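Work through the exercises below with the model open. Try each task before reading its solution.

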Amino acid sequence: MINHSTLFREKFVLPDKNILKWFPGHMGKGIKQIEQKLKNIDCLVEVHDARIPTSGRNIKFNYFSKVKPHILVYNKKDLADLNKIENVHKLRESASKVIFTNSKDQSCQGVKQIIPSSVELISKSERYNRSEKNEYSIMIIGIPNVGKSSLINILRNKYLNKARASPVGAIAGITKSVMTKIKVCQKPLVYLLDTPGILNPTISNWEEGIKLALVSTMQDHLVGPQVIADFLLFWLNKNKNFKYINYLGLKEPSDLITEVLTLTAVNINKTVKRRSVEYGNIKVQPDLDAAAYHFINAFRRGEFGKVMLD
């Protein structure tokens, strides 16, 4: 029985807003590379996380969409509560077409729409210097770790039955530069260009920034796993999602992240050795970082159900 009388925080206080600043050199270089290659591509496919349909989209991409046909792909739809998306018509205003996908599922109808939709938009557009070309060139853009490379690989496998050609990983920032063209389809002849995930240079809204961190579009250590876990706890309690109780082995909901992580560390048997500053001896303590990662990764896998952070 969940005690609904538990008092939860009404707002989340970020300990240090400077932790949300992450714009490494390869992102600035990546933007310049994308701009240089725009004249040699026919269509843009922007990939974003369906759990944060409005948060974090790079404002530069809106400029690019005025130059080339633009498809907005919301990936990871298997983790998102799409029934809670507000203002869907506004999402469509910023792109020629909106598609929802799960890049881990080759039978996904959204994945099947990407190439035909791109070819259709290109055929209706002014290709200018590319009008005589018999192949289509599509650039994949987006912020880090939203599944751009995974999408390229599943399309390549679907149409050519080829192994993956673009590196993927669970850590933001795997792709560092605009890659050479990757063939994904023979008829029609279609090439895709993978690009590095590029965030906005500055994050003006801290809540938007912490949501980006929660879905792993920023590297965890930059924000801190315990800070991310604390926001996750706040968000779950605020939305009356108490599935974390059983998963973490707790008896009841809590609003205290230190308490939650301590109990979780004990339950999953994660400890860390630390030297006492006062006495110089070694103490074995619950590993709160390990517990935080256990909590965060469960959310990212969908253990607490489908969510909509925006």
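The exercises go from the whole chain to single residues.

The model is predicted, so local features need pLDDT of at least 70 and side-chain atom pairs count only at pLDDT 80 or more, while totals for chains, interfaces and linings use all residues. Residues are numbered from 1 along each chain as its sequence is written, and side-chain values use heavy atoms, with hydrogens and water left out.

**Exercise 1. Take stock of the protein chain.**

Step 1: count the secondary structure. The protein chain has eleven helices and eight strands. Helices (H or I, at least four residues) and strands (E, at least two) are DSSP runs, numbered from the N terminus.

Step 2: check burial. Of the 310 residues in the protein chain, 50% are buried. Buried means under 20% relative accessible area, exposed over 50%, and partly exposed in between (1.4 Å probe, protein chains only).

Step 3: look at contacts, meaning heavy atoms within 4.5 Å. Among contacts with a separation of 6 or more, 70% link residues 24 or more positions apart.

**Exercise 2. Test the length of helix H4 and locate its bend.**

Step 1: compute the span. The expected span is 1.5 Å times one less than the number of residues. H4 (residues 109-123) has 15 residues, so 21 Å is expected. Its end C-alpha atoms are 22 Å apart, which agrees.

Step 2: find the bend. H4 bends by about 30° at Ile-115, and Pro-116 follows within four residues. The bend is the angle between axes fitted to the seven residues ending at a residue and the seven starting there.

Step 3: list the buried side. Buried residues of H4 include Val-111, Ile-114, Ile-115 and Val-119.

**Exercise 3. Map the nonpolar cores.**

Step 1: fix the term. A nonpolar core is a set of buried Ala, Val, Leu, Ile, Met, Phe, Trp, Tyr and Cys residues joined through side-chain atoms within 4.5 Å.

Step 2: describe the largest one. The largest nonpolar core has 76 residues, and Ile-138, Val-190, Tyr-244 and Phe-295 have the most contacts inside it. Helix H8 (residues 225-238) gives the largest share of this core, nine residues. At least three residues come from each of domain 1 (25-194) and domain 2 (206-301); these bounds come from an automatic or database domain assignment.

Step 3: separate the other core. Apart from the largest core lies another of eight residues, among them Leu-72, Ala-80, Val-98 and Met-308.

Step 4: follow one hub. Leaving aside neighbours within four places in sequence, Val-190 is in contact with residues including Ile-115, Val-119 and Ile-138.

**Exercise 4. Is Thr-101 buried or exposed, and what does Thr-101 touch?**

Step 1: place the residue. Thr-101 sits in the loop between strand E3 (97-100) and H4.

Step 2: classify. Its relative accessibility is 0%, so Thr-101 counts as buried.

Step 3: list partners. Not counting residues up to four places away in sequence, Thr-101 touches Asn-75, Lys-76, Lys-77 and Leu-151, among others. Asn-75, Lys-76 and Lys-77 are also covered by the UniProt annotation "binding site" (unreviewed entry). UniProt positions use the numbering used here, feature names are shortened, and annotations may be inferred rather than shown by experiment.

**Exercise 5. Pick out unusual backbone geometry.**

Step 1: find the cis bond. A cis peptide bond joins Lys-187 and Pro-188, with omega about 0°. Pro-188 lies in the loop between strand E5 (182-185) and strand E6 (190-193).

Step 2: inspect positive phi. Ser-216 is not a glycine, yet its phi is near 70°. Lys-240, also not a glycine, has a phi of about 55°.

Step 3: contrast burial. Ser-216 is buried at 7% relative accessibility, whereas Lys-240 is exposed at 62%.
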